[in-house]
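Biologist: I'd like to talk through this structure with you, term by term. Could you show it to me and then start with the metals?

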Amino acid sequence: MIEVLTNLKLIFFIVFFVVFMMLENYFSQRNTKSKMKRLFFHGTIAVVNTLIMRVFVIFLLIPVMMITNENQYGLLNTIEYNFFLEALFGFLLLDFAFYWFHRISHTWDFLWRFHGMHHLDTQMDVTTSLRFHIGELLISAFFKAVLIITLGLPISVFIFYEIILTASAQFHHSDLRLPESLDSKISKIIVTPKYHTNHHTVAELSRNANYASIFTVWDYLFFTYKNATVTEREYLGVDDRSKEFGFIDNIKYPLRKL
Ligand SMILES: [Zn+2]
Ligand SMILES: [Zn+2]
């Protein structure tokens, strides 16, 4: 069952990725430079990361999910809801937890060392969603293990959340701009490409804000929604923009002086 669901996640990941790549080809707004170089660089990072993370999924997350399920550990297992309510509540709690994980990744120097690599990108397209330091993914795997066991998440809900999170990340990093009026309506509910571009600006006021992953409600609720100006949204990355590419520079990035 778990094997089927994790394979399903990989299939959705590839299908959504190809669809967004194709849409970007026809509806690109930013005319991203060096598309093939970006695909190769970020694609290689993703393949290496996925292979390493596979070990942690098999030896950490799957056993934790099975133990939680068998022993009925966690918050959701103490309250007898019907499955739909339990799934809905679990989904929202996960999104809430990831909002805080992302927020702390910006405010705690230790996590920013790793998460900063994602922000080194001076452009943004669907391939940016592949750009994460392996250290950040390892830390988040332990965070997910704690969440599964304390929340008592059903396996299917956790994997469903991961599938939607992946699709959301590919969408909001993509170089697709929705019409302004549509964007302002949709971004009241979910993260759009324009919304997340605010988060990738060199300008710190909007970069250290807009942390939502799927639902934007958390940013509104905790006062971290900050709209950047049009000019700010054209200048993406961090102050030091010299290390965008280069595997060694990116792997070593957490060791930089802060
Ligand atoms: Zn961030
Ligand atoms: Zn991002």
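Modeller: Gladly! The zinc ion (ligand 2) lies 5.5 Å from the zinc ion (ligand 1). Please keep in mind that this is a predicted model, where local features need pLDDT of at least 70, side-chain atom pairs count only at pLDDT 80 or more, and totals for chains, interfaces and linings use all residues. Residues are numbered from 1 along each chain as its sequence is written, chains are lettered from A and ligands numbered from 1 in the order in which they are written, and side-chain values use heavy atoms, with hydrogens and water left out.

Biologist: What makes H118, H173, H196 and H200 the protein donors of the zinc ion (ligand 2)?

Modeller: Donors are N, O and S atoms within 2.8 Å of the metal (3.2 Å for Na, K and Ca), and sites may look incomplete because water is not among the atoms. The NE2 atoms of H118, H173, H196 and H200 lie 2.1 to 2.2 Å from the zinc ion (ligand 2), so they meet that cut-off. Along the chain, their spacing is H-x54-H-x22-H-x3-H.

Biologist: Why is the site of the zinc ion (ligand 2) called irregular?

Modeller: Four donors count as tetrahedral if all angles lie between 85 and 135 degrees; four count as square planar and six as octahedral if opposite donors are over 155 degrees apart and all others between 65 and 115; anything else is irregular. Here the angles among the four donor atoms run from 90 to 169°, and the site is classed as irregular.

Biologist: And what coordinates the zinc ion (ligand 1)?

Modeller: H102, H106, H115, H119 and H199 do, each through NE2, at 2.1 to 2.3 Å. The sequence spacing of these donor residues is H-x3-H-x8-H-x3-H-x79-H. H115 lies in helix 5 and H199 in helix 9, so this pair ties together parts that are 84 residues apart in sequence. Helices (H or I, at least four residues) and strands (E, at least two) are DSSP runs, numbered from the N terminus.

Biologist: How do you know whether H115 and H199 are buried or exposed?

Modeller: Buried means under 20% relative accessible area, exposed over 50%, and partly exposed in between (1.4 Å probe, protein chains only). H115 has 2% and H199 has 0%, so H115 is buried and so is H199. H106, at 9%, counts as buried too.

Biologist: Where is H106, and which residues does H106 touch?

Modeller: H106 sits in helix 4. Not counting residues up to four places away in sequence, H106 touches W112, H115, H119, H199, R207, N208 and Y211, where contact means heavy atoms within 4.5 Å.

Biologist: Why is helix 7 described as largely enclosed by the rest of the structure?

Modeller: Because 16 of its 19 residues are buried. Helix 7 also gives the most to the largest nonpolar core, with seven residues.

Biologist: What makes that set a nonpolar core?

Modeller: A nonpolar core is a set of buried Ala, Val, Leu, Ile, Met, Phe, Trp, Tyr and Cys residues joined through side-chain atoms within 4.5 Å. Of the 29 residues in the largest one, M65, L94, I148, L153, F158 and Y161 touch the most other members. Helix 2 (35-71), helix 4 (83-107), helix 6 (134-151) and helix 7 (155-173) are the elements that give two or more residues to this core. Leaving out residues up to four places away in sequence, F158 touches M65, L94, K144, I148 and L153.
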